[in-house]
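Please open the model in your viewer and keep the sequence panel beside it, since the tour moves from one selection to the next.

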Amino acid sequence: MPENLFKLFGLKVGKTPYLRGTVKAPASKSYTIRAIIAASLDGEARIVNPLFSQDTRAAIKALEALGARIKKKKGLLQIRGFQGRPSLKGKSVVVGESGTLLRLILPIIALGEGEFEINGRGTLLKRPNKPIAEALLSLGVDIKGKGRDFRLPIVVKGKGAIPGGKVSVSANMSSQTISSLLMVSAFAARDTTIIIKDKVVSQPYIDITLDVLGRAGVKVQRQGYGRFFIKSGQSFKLKEDFIIHGDYSSAAFLIAASCLVKSDVVITDMVKDKQGDRRIIDILNKMGARIKHSTERIEIHGPFKLKGMDIDCSNTPDLVPVLLAVSCFAQGRTKIYNIGHLAYKESNRIIAPAGELRKLGARIEIGRDKIIVQESSLKPEAAWAIGSPTTALRPAVVSSCADHRVAMALAVLGLRTGGLTIKNAESVNKSYPDFIRDFKALGAKFTKILL
């Protein structure tokens, strides 16, 4: 377990002249959680190179509470599933602060028998769960939550089965409802048809779910992202070793930092799989970077002179905080749009990062579905006068807003500006517990401050 995984700390970020070296990307959180769930549902499988973070450890504990037998070794999970019949022993399942785990596990609990409470902590207690609750109610599942938005704690009365049939799903806030139903439909009493009744955001996460299901032998018929059909009674066994590769959502911070300061950086284990956030490379290259991506490695020799552009993040919401940080240094204007669903993440990722960046002097406008960032670089003559051609942003104390991606984005920005102190930086442990270690190995001026 990484040092201080659950301890509070702040992070001082100094101006960093050079990033240099090779780092292996942290394993994909999305693939790890889905693989743990798939293996726990049935069969016996080994997950190789899983991510061990707060969210994935919460997944391990939750699935163990439902009857899965999970042995944890260095770089390996050995899992024996509960054959589609969770035991529901004890009184509750705790999902930590993981919204993904919460939504994916609710239909699985409905396969068991008896009353069960699902609870969490932190910002997850405030997040709405109405779309998944409404979908399960329409399938005959007895589910109750706090208030009209079905906030935690949630109580499910399992009847030993999910009937299946047709279900209409709203996906304009998250694609997790679709993924959760896809994961469990092979165990339904009847064939299941999932019909999407509105816009689907975060589509690549559905592709990740389908990729994992395919490895478990489950066939899904689909019409784009609008309709899915799953035949009941399919054999569901994740039989072979499931290898987890690098996480583009986390590697995005390494990539972005290497574009902002002088760098000679190689990031390994970056295979071209179903992760939508590998679009970070395409976005930054269109802004003026020259990032090289071969079969499994990414090479960056920065810095690059970047130009602002319009960026649609409907399918890549996790990239928004780091793109905001990068956009402060891009020439002209950058517009990040189709992001209304970011209001329901660990923080409100429209308001929270914009507010922290404004403390530094960044020029940012926010709307319900967009953020506009104006360049914060000094004019050439002003830069020459003070001998620093970098930025007009000023040192400040900022907060992670209890959001791991906001914390990491601010740290990336601080490498170029210097003089940044980030409060509650321990939130990085949610998805990238080795964030500080990896950056320091490359030369980043990071100093941890225990609180």
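A disulfide is counted here as a pair of cysteine sulfur atoms within 2.5 Å. This is a predicted model, in which local features need pLDDT of at least 70 and side-chain atom pairs count only at pLDDT 80 or more, while totals for chains, interfaces and linings use all residues. Residues are numbered from 1 along each chain as its sequence is written, and side-chain values use heavy atoms, with hydrogens and water left out.

**Cysteines**

Select Cys-259 to begin with, and display its sulfur together with that of Cys-328, which is the closest cysteine sulfur and lies 15 Å away, too far for a bond. Cys-259 is buried, with a relative accessible area of 1%, where buried means under 20% relative accessible area, exposed means over 50%, and partly exposed lies in between, for a 1.4 Å probe and protein chains only. Move next to Cys-401, which is likewise in no disulfide, its nearest cysteine sulfur being that of Cys-328 at 15 Å. Cys-401 is partly exposed, with a relative accessible area of 23%. A search of the whole structure finds zero disulfides.

**Helix 7 and helix 8**

Keep Cys-259 in view and extend the selection to helix 7 (residues 248-260) and helix 8 (residues 279-287), whose axes are 9 Å apart and which pack at an angle of about 25°. That makes helix 7 roughly parallel to helix 8, given that angles under 35 degrees count as roughly parallel, over 145 as roughly antiparallel, 65 to 115 as roughly perpendicular and the rest as oblique. On the helix 7 side, the contact is made by Tyr-248, Ala-252, Ile-255, Ala-256 and Cys-259, and on the helix 8 side by Ile-280, Ile-281 and Leu-284; contact means heavy atoms within 4.5 Å. Helices (H or I, at least four residues) and strands (E, at least two) are DSSP runs, numbered from the N terminus. Axes are lines fitted to C-alpha atoms, for helices over the stretch in contact, and angles run from 0 to 180 degrees between N-to-C directions.

**Helix 1 and helix 6**

How do the axes of helix 1 and helix 6 (residues 203-215) cross, and within what distance do they come? They cross at roughly 40° and come within 10 Å. That makes helix 1 oblique to helix 6. To see the interface, select Ser-30, Tyr-31, Arg-34, Ala-35 and Ala-38 in helix 1, which meet Tyr-205, Ile-208, Thr-209, Asp-211 and Val-212 in helix 6.

**Helix 2**

Now select residues 54-65, which form helix 2; nine of its twelve residues are buried, so it is largely enclosed by the rest of the structure. The buried residues of helix 2 pack against several elements, including helix 1 (29-41), strand 4 (69-73) and helix 3 (99-109). Just after helix 2, Gly-67 takes a positive phi of about 115°.

**Two last stops**

Select Ala-325, whose place is in helix 9 (residues 320-327), and which counts as buried at 1% relative accessibility. Not counting residues up to four places away in sequence, Ala-325 touches Ala-409 and Leu-413. The C-alpha atoms of Ala-325 and Leu-410 are separated by 6.8 Å, although the two residues are 85 residues apart along the chain.

Finish at Ile-366, found in strand 20 (residues 363-366) and partly exposed, with a relative accessible area of 34%. Leaving aside its neighbours within four places in sequence, Ile-366 is in contact with Ile-350, Ile-351, Ala-354, Arg-358 and Ile-371.
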